[in-house]
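Hi,

Here is the structure I promised to pass on. Have a look at it first, and my notes follow underneath.

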Amino acid sequence: MDDLKIQLLLTGNELMVGDIIDSNSAMIAQHLLPLGASIERKVTVADDIDLLIHEIQTISQQADVLIINGGLGPTIDDLTAQALAKSCQLPLKEHPCAVNHLQEWANRRGIPLDKTNLKQAMLPQHATIIPNRTGSAVGFHLNFQQCDIYCTPGVPSELAIMLQEEVMPLIQPKLAQHQHYQVLRLHVFGLGESTLQALLEEKFPTWPKEVDIGFRASSPFLELKLTIQQKQDIELLTIYKAKLYDLLGDHILSQLSDKTPTMAEYVLTLLQENNQSITTAESCTGGLISSLLTNIAGASKSFEAGYITYSNSAKEKMLDVSNETLRKYGAVSEQVVIEMAQGALAKSDADYAIAVSGIAGPEGGTKEKPVGSVWIAWGNNKKIKTVYLCIKGTRYYFQTAVANRALDLIRRDLIASAEQPYYFN
């Protein structure tokens, strides 16, 4: 059986003139992805009744599912209900459930329900209500020309809840009838798209056509997606999943479902599982590593302290870095980051430490230590490891890359990884 054809129609003058950026289509696509589905085509039109009618009539002849987003509000430029009714040659009727919803919405806010708001209860005859528990406008569903049409609000916070609680559960049974494919999403760190593509072409020159492979970069991570279309290819998917794990090893952080963790979340989870803690000593990142860790609820269980020692005197006073070491080797050196890590461990009594010192730029580099140079130290009281990297790019990119690579190195220690990451090369 052919795949379920899903199309999307967005409406709003504000989208057409750039007053707002369309994030809703991405949100809808992300909700469809775990179901093994995607949007075949999307169209965006202004608040124009004739354009809307034309697109509804055209798309409903092509698609199995049409999701209309926007145009459900109380103002005269909200035309979705009217356009759908005219497309289907149905009258607009005041829907009792929609009126009750509006009355409850008004009561919660202590405001009167006026005629303007009641416009949102005027829906095409025979439409089925799709509840909206946060906003004033209900969604609704109609089948037209054998196409299931779902009308949803344009407010992103309302749409997010409706997609998860109402719309996807309505679409999922239709997908089960049409589609048999599975999607595997691998969360990868330490490899760029071009590097990974070249590596796969080298190692797997005869990649099977039954397993579609795709990439999605979301700095600092890369998502590697494998898709099969038929049930009989499940074994092939399993085989190539294993091949990728063998090839990429600990560059694969996890197999994703709906949530995409940060590097700090991976590290904190591992620390908490082992009842261990971490401290940071930062120079060139200015506290970014600490910030990434403490952005996560519950970080206090494993994060002891963070030391931002930007100047040499701060490194001496706060972390007991030797003045002689600083004078002899300079702040950006292996010897200094080792002493920074040792000092942070001693001061905080944490189990693990990260220390970084580098030249973020755009100025300050030398021939021996160019802009982008960074020394990273990580480990515990038993062993401190170090690496020198040169990371070219903007100041923001440099700091973000250093922070995430430092956290990745701790992650690798916590899982006892014996591999050398690709970014060491």
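Of the 425 residues in the protein chain, 49% are buried. Keep in mind throughout that this is a predicted model.

On the overall build: the chain has 15 helices and 17 strands. Its C-alpha atoms fill a box of roughly 85 × 60 × 40 Å along the principal axes. The radius of gyration is 28 Å, whereas a compact globule of 425 residues would come out near 22 Å. Among contacts with a separation of 6 or more, 67% are between residues 24 or more positions apart.

As for the surface, the chain exposes about 20700 Å², and carbon and sulfur atoms supply 50% of that. There are 36 positive and 47 negative charges, and the mean positions of the two sets are 5 Å apart.

Now for the details, starting with a hairpin. Strand 10 (residues 211-218) and strand 11 (residues 221-228) run antiparallel and pair over 8 bridges. Just 2 residues sit between the two strands. If you want a landmark in the pairing, find Phe215, which stands opposite Leu224 in strand 11. Then look at the turn itself: Pro220 is in the loop between strand 10 and strand 11, and the peptide bond leading into Pro220 from Ser219 is cis, with omega near 10 degrees.

Where else is there a cis peptide bond? One joins Gly361 and Pro362, with omega at about 5 degrees. Pro362 belongs to the loop that links strand 15 (352-358) to strand 16 (373-379).

Two loop residues also have backbone angles to check when you go through the model. Gln89 has a phi near 55 degrees, which is positive although the residue is not a glycine. You'll find Gln89 in the loop between helix 4 (80-88) and strand 4 (92-94). Is Gln89 buried or exposed? Its relative accessibility is 72%, so Gln89 counts as exposed, the cut-off being over 50%.

Asp349 is the other one: phi is near 65 degrees, again a positive value in a residue other than glycine. Asp349 sits in the loop between helix 14 (334-348) and strand 15. With a relative accessible area of 65%, Asp349 is exposed.

For the covered parts, try strand 12 (residues 252-256), where 4 of the 5 residues are buried. Strand 12 pairs with strand 9 (residues 182-189) in the antiparallel sense, over 4 bridges. One pair to pick out there is Val188 and its bridge partner in strand 12, Ile252.

Last, have a look at Leu407 in helix 15 (residues 395-414). Why does Leu407 count as buried? Because its relative accessible area is 0%, and buried means under 20%. What does Leu407 touch, leaving out residues up to four places away in sequence? The contacts are Met263, Ala264, Val267, Ile289, Leu292, Leu293 and Ile354. Take Ile289 from that set: Ile289 and Leu407 are 118 residues apart along the chain, yet their C-alpha atoms are separated by 7.7 Å.

If you open the model at one place to begin with, I'd go for the hairpin of strand 10 and strand 11, and then move on to Leu407 in helix 15.

Cheers

Technical notes:
Residues numbered from 1 in each chain as written. Predicted model: local features only at pLDDT ≥ 70, side-chain atom pairs only at ≥ 80, totals over all residues. Heavy atoms only, no water. Pairing = 2+ DSSP bridges. Rg over C-alpha atoms; globule rule 2.2 N^0.38 Å. Buried < 20%, exposed > 50% of the residue type's maximum accessible area, 1.4 Å probe, protein only. Contact = heavy atoms within 4.5 Å. Areas by Shrake-Rupley, 256 points an atom, 1.4 Å probe, with all protein chains shown as cover. Lys, Arg positive; Asp, Glu negative; His and termini not counted. Charge placed at Lys NZ, Arg CZ, Asp CG, Glu CD.
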